[in-house]
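Reader: Please show me the structure, and then let me put some questions about its chains and their contact.

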Amino acid sequence: MTDPFALIGVPRKLDLKDADIDRCLLVASQLHHPDLGGDQDLFLKIRLAGEILNSPAKRIRAAIECEGLAFDERGRIPAKVMEYFSLVASVLQDVDSFVSERSKALSSLGKAVLDIRVPGLKGDLELVSNKLNQLNSAMIASFKSFDEKGWAECEVEMSEVARGLIFLTKWSGQLREANGKLFESLLGG
Amino acid sequence: MSEVIIGIDLGTTQSAVAVVDSGFPLLLADEEGRSLVPSAVWYSKNGEIKVGHDALRLAGVEEVHTSVKSLIGRRASESEGGLMPDGRISTAAGLKLPEEISAEILAVLKRIAENRLETEVIKAVLTVPAYFHDGQRAATKKAGRLAGLEVVRILSEPTAAALSYGLDRLDESSRVAVFDLGGGTFDVSVLEMREGVFEVSSTSGDTDLGGDDFDEAIAGFAAGKLGLDLGEFEAMERVQWISEGCRVKLALSEAEEATFRIPFTGEVLVSRGAFLGLMKPFLARMESCCRRAMLDAEVTGKDLAAIVMVGGSSRIPMVKDRVAMIFEQEPDLSQHPDEAIARGAAIQAGILAGTVREVLLLDVTPLSLGIETMGGLMNVLISRNTTIPCRAGEMFTNAVEGQESMKVRVLQGERELAKDNWELGSFEVQFEPDRRGQARVGVEFRIDADGILSVLARDVASNVDTVVSIGSAAVDVQEAKVEQMVSESVEFAFEDMNARVFEESRLKAEELLPAVGVALEQAGGFLTQREISEIQEAKERVEKAIEGQKVAELKVSVERLDDVTESLAAILVEEATKAIFSSPQD
């Protein structure tokens with residue numbers, strides 16, 4: 001793969017500030033956008049690189065690949081991440097069953113009575129989201145030490161963090177979608 | 001001098017053309033000084049055509065085609081009878097595709113531009129609602145070609161409005177939302193503006209929501225008050241009622257009440273309050289889109305520097321109020337609601353022509369693109385709000401030895417089940433004969449800067465790319481479904497109707513009866529004693545009807561209970577809505 005760090009011109013580090021990535025991506029996009037005379041293929045590669053670097057999970061995965069280190073998708077997952085799985089699954093299931101029950105209700109009062117559950121569901125979603133965010137930040141905090149020790153020295157730890165982050169990112173996305181479904185079902189009347 | 005590229009806003013109710021002159025976008029007017037052209041086309045039997053004001057003058061007397069935009073790129077089954085089964089519209093001059101009719105409007109705009117600029121115009125940027133899918137964008141592009149234009153870009157309308165808004169504010173860095181409510185479509189986008197780069201963060205919308213719906217709602221309300229049913233009117237009569245609905249709607253933006261008047265039939269006084277009641281479901285749909293756009297952009301109302309409102313329907317006071325409520329700030333009304341989009345189209349035209357410098361637009365694809373997987377699920381390849389142009393690859397292998405090809409269905413939409421999304425079409429992946437899992441073909445999906453898809457298949461062995469043509473969904477799923485439903489209903493026609501009516505009412509009663517108790521406990525305090533006893537009486541009536549197995553009585557009493565509990569339901573929903581939209585931490 002092409003090195004995303006080199007493509008948009010950020011330092012080859014894991015510990016990057018979002019604003020710095022954004023800034024470099026903006027400059028590179030301006031330089032290579034086809035509307036301003038740039039090359040379309042290169043522009044597409046730059047956008048993809050931006051997407052990778054903007055997501056900590058994808059960034060560390062790319063770092064592992066760029067460094068030529070081994071990555072096992074099915075390897076060990078941080079215990080903390082595993083612990084949260086049942087939490088995420090149960091709140092997602094609650095939201096899904098609420099949405100489906102509500103869509104089947106025949107009368108506005110029938111729907112309204114179900115809506116009494118909404119604040120509780122919203123609270124659960126927020127609680128789990130916050131937990132995931134905290135864990136996410138804690139794992140990203142390890143990026144700095146990987147940079148300091150050198151990526152090649154942290155093959156195993158980086159892989160484990162990458163796998164954990166991939167799950168956390170996926171779950172956060174699902175929680176966001178669930179939140180969206182909740183209000184769409186409410187506003188859908 | 002560099003070549004001229006014009007910007008065109010092809011609207012549901014009116015259209016406009018603009019061009020950038022000395023760095024500033026200008027609307028071009030016809031000989032009579034009018035810069036807005038009604039999107040109306042009239043045909044005579046012998047092929048005579050009138051467009052715009054001339055066509056609109058004949059409305060109500062003869063058949064005039066308006067709001068064709070709501071049919072462009074659609075399938076007959078989606079059009080509520082507006083399209084014939086082959087996707088055409090019946091006109092006095094024969095069957096025409098929606099894009100052929102739209103092309104007449106574009107041709108007039110092209111002529112206006114040529115007269116004003118005193119030069120031939122070939123290239124144009126056309127705008128479409130941000131939420132238009134691939135088929136609607138492609139059909140709009142075709143309309144341009146039919147009018148003799150080379151369409152150099154299909155641009156999303158709210159993005160165009162943002163360009164118009166931001167051109168004077170290029171040195172600012174901020175996030176804004178654009179709320180675009182037109183005659184037939186609604187879009188909302190969140191953008192980030194930095195150093196001349198306009199980057200769309202998210203977009204959402206509804207291609208079946210706009211001013212036309214409000215006109216019809218008012219007409220339907222007035223008809224109801226006069227004991228009539230809008231649904232049973234003749235086409236011409238319907239047009240007359242809906243255009244009176246439009247007049248009342250416009251009047252209600254200024255006055256507290258207005259009279260709906262149909263000569264020799266009757267008058268109905270429509271208050272703003274009654275209009276608000278009619279608008280409620282539409283406002284809820286708008287709010288849902290706005291919330292979705294903010295959620296996707298990961299912003300709240302407070303993060304936004306401005307809420308730019310455009311589109312004719314943004315003049316309606318209750319729409320403005322709702323926008324202020326959703327985004328927690330007063331909307332920005334600095335842009336001309338009917339002109340901003342054409343100006344923005346002209347700015348994008350200027351960027352492409354090289355006359356507008358140091359401005360760049362990064363737009364997104366509004367809908368997720370995916371393919372159908374086993375089990376009828378949608379597998380997303382490019383998620384919504386990805387910056388365009390973009391691409392994604394997918395590898396296909398043979399599932400059994402010697403398999404020659406596989407069919408891939410391409411979908412656009414946000415639903416989990418493939419059948420709930422819009423089917424773009426399908427194509428066949430051809431395999432070389434090989435053992436199971438050995439024949440491999442890589443397929444690349446590209447969405448270009450117009451938001452239009454192309455598909456390339458790459459033979460892994462030879463590394464040769466071929467463009468795959470996507471056959472439009474030949475069997476219209478919807479139509480097949482309708483046919484099935486029709487045949488089913490014939491079979492069931494001989495069933496005992498009474499049993500069905502009783503069963504339906506009983507199910508609803510079983511839901512309502514326990515709900516009444518729960519709801520009264522939760523929100524009974526908000527009701528008057530009289531309301532409560534009304535509900536109790538209605539409830540007892542239902543219980544008696546079930547006991548007595550009385551069909552007609554059960555149906556009536558359940559409806560009564562449904563009615564009297566409406567305000568109770570509204571209170572509960574309002575409480576729930578408040579809870580979900582309050583921001584807890586700040």
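The questions and answers below treat the model, its chains, their cores and their contact.

Reader: On what terms should the numbering and the model be read?
Author: Residues are numbered from 1 along each chain as its sequence is written, and chains are lettered from A and ligands numbered from 1 in the order in which they are written. This is a predicted model, in which local features need pLDDT of at least 70, side-chain atom pairs count only at pLDDT 80 or more, and totals for chains, interfaces and linings use all residues.

Reader: What ipTM does the model score, and what does chain B average in pLDDT?
Author: The model scores ipTM 0.85, alongside pTM 0.86. The pLDDT is the predictor's confidence in each residue, from 0 to 100. In chain B, 94% of the residues score at least 70, and the average is 88.

Reader: Over which residues of chain B does pLDDT stay under 50?
Author: Two residues are in contact if their C-beta atoms, placed from the backbone, lie within 7 Å. The model has 10 contacts beyond four places in sequence for the stretch of chain B where pLDDT stays under 50, namely residues 473–495.

Reader: How many helices and strands does chain A have?
Author: Helices (H or I, at least four residues) and strands (E, at least two) are DSSP runs, numbered from the N terminus. Chain B comes to 14 helices and 28 strands. For chain A the count is nine helices and zero strands.

Reader: What radius of gyration does chain A have, beside that of a compact globule?
Author: The radius of gyration is taken over C-alpha atoms, and the globule rule is 2.2 Å times the number of residues to the power 0.38. The C-alpha trace of chain A spans about 60 × 45 × 25 Å along its principal axes. A compact globule of 189 residues would have a value near 16 Å, but chain A has 21 Å.

Reader: How far apart are the C-alpha centres of the two domains of chain A?
Author: Domain bounds come from an automatic or database domain assignment. Chain A is divided into domain 1 (4–54) and domain 2 (79–187). Their C-alpha centres lie apart by 29 Å.

Reader: What radius of gyration does chain B have?
Author: The C-alpha trace of chain B spans about 80 × 70 × 65 Å along its principal axes. A compact globule with 586 residues would have a radius of gyration near 25 Å, which agrees with the value for chain B, 27 Å.

Reader: Why does the largest nonpolar core lie between two domains, and which are they?
Author: A nonpolar core is a set of buried Ala, Val, Leu, Ile, Met, Phe, Trp, Tyr and Cys residues joined through C-beta atoms within 7 Å; a residue is buried if 20 or more other C-beta atoms lie within 10 Å of its own. The largest has 140 residues, and B:I8 and B:V308 have the most contacts inside it. This core lies between two domains of chain B because both give residues to it: domain 1 (5–209 + 280–364) and domain 2 (367–479).

Reader: Which helix gives the largest share of the side of chain A that touches chain B?
Author: The contact takes 34 residues from chain A and 38 residues from chain B. On the side of chain A, α2 (18–32), α3 (40–54), α6 (108–115), α7 (118–140) and α9 (155–187) each supply at least two residues. The largest share, eight residues, comes from α9(A).

Key: A residue is buried if 20 or more other C-beta atoms lie within 10 Å of its own, exposed if 12 or fewer, and partly exposed in between; C-beta atoms are placed from the backbone.
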